[in-house]
Amino acid sequence: ADSPYVGMCLCVGCWLEGGTMMGKDVIETIKYFGERKKLFKVHFRNVNQPMPHFTETFLDDGYADMYQILKALREVDFDGVIIADHIPSMVHPNTGTAFSIGYMKALVERAAIEDLFNDYYSLFGPDGQHDFMSYFTADGRLEVNGLVANGHDEIKAMYVQAGIGDGGKAQTAEGAVPKGVSEMMYTNLKIQVQGDSADATLLWH
């Protein structure tokens, strides 16, 4: 029905239980219904394997990568409800619920951080707009190879000195990566969140 009031409640666990018999996997299903804004509610659950024999597990202990499922929901701009479902028992009746909700929250934050860093470093590409200041607070701090810049003015000056920023384009060296292709890797990412601000350190290759 082509009605904004008719949509799907997707039980991830049931879909995982069905396995290949479902015809489409969970992520394909999310993309199909999510892109059509027909995905209203998601039961977030994992199992150890598909039918005929399966066991419900904690989110981090089943055969599905729940992070990839969460990312698929973000990619279709899902704005419905995600519910911790069929939570295994632990010592206290509420311990499993606390773990599941905390794990789900961590997945959401991980996806948001990954998107932030991917968006930020895409600005260094040949087609990047180099709008770096939008990623720093007014009292932000940038440290690169021992060089430290504090606040927007100093950070902007550091980017300009590197040949990028201030509306300019990155310097192009002989044998540079072709247009539209990016060769950049960041590893050992560590983020400390305090209230509404965060500090990030990483190795940039």
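These legends accompany close-up views of a predicted model.

**View 1. The buried face of helix H2.** Helix H2 spans residues 26–35. Its buried residues are Val26, Thr29, Ile30 and Gly34. Seen down the axis of H2, they fall within an arc of 110°, so they line one face of the helix. The cover over these buried residues includes two strands, E1 (8–11) and E2 (39–44). It also includes two helices, H1 (12–18) and H3 (66–75).

**View 2. The two ends of H2.** At the start of the helix, Asp25 points a side-chain oxygen at the backbone nitrogen of Ile27, reaching to within 3.2 Å. Just after H2 comes Lys37, with a positive phi of about 55°.

**View 3. The largest nonpolar core.** This core has 24 residues. Val12, Ile30, Leu39, Phe44, Met66 and Ile69 have the most contacts inside it. Two or more residues come from each of E1, H1, H2, E2, H3 and helix H4 (95–122). H3 gives the most, with six residues.

**View 4. The surroundings of Phe44.** Residues up to four places away in sequence are not counted here. Phe44 touches Leu59, Met66, Ile69 and Leu70. Its contacts also include Ile82, Ile83, Ala84 and Asp85. Met104 and Leu107 are further contacts of Phe44.

**View 5. Another nonpolar core.** Apart from the largest core lies another, of 12 residues. Among them are Phe117, Phe132, Ile155 and Met158.

Note on methods. Residues are numbered from 1 along each chain as its sequence is written. This is a predicted model: local features need pLDDT of at least 70, side-chain atom pairs count only at pLDDT 80 or more; totals for chains, interfaces and linings use all residues. Side-chain values use heavy atoms; hydrogens and water are left out. Buried means under 20% relative accessible area, exposed over 50%, partly exposed in between (1.4 Å probe, protein chains only). Helices (H or I, at least four residues) and strands (E, at least two) are DSSP runs, numbered from the N terminus. The arc is that of the directions from the helix axis to the C-beta atoms. Contact means heavy atoms within 4.5 Å. A polar contact is a pair of N or O atoms within 3.5 Å; within protein, one must be able to donate a hydrogen and the other to accept it, and residues adjacent in sequence count only if both atoms are side-chain atoms. A nonpolar core is a set of buried Ala, Val, Leu, Ile, Met, Phe, Trp, Tyr and Cys residues joined through side-chain atoms within 4.5 Å.
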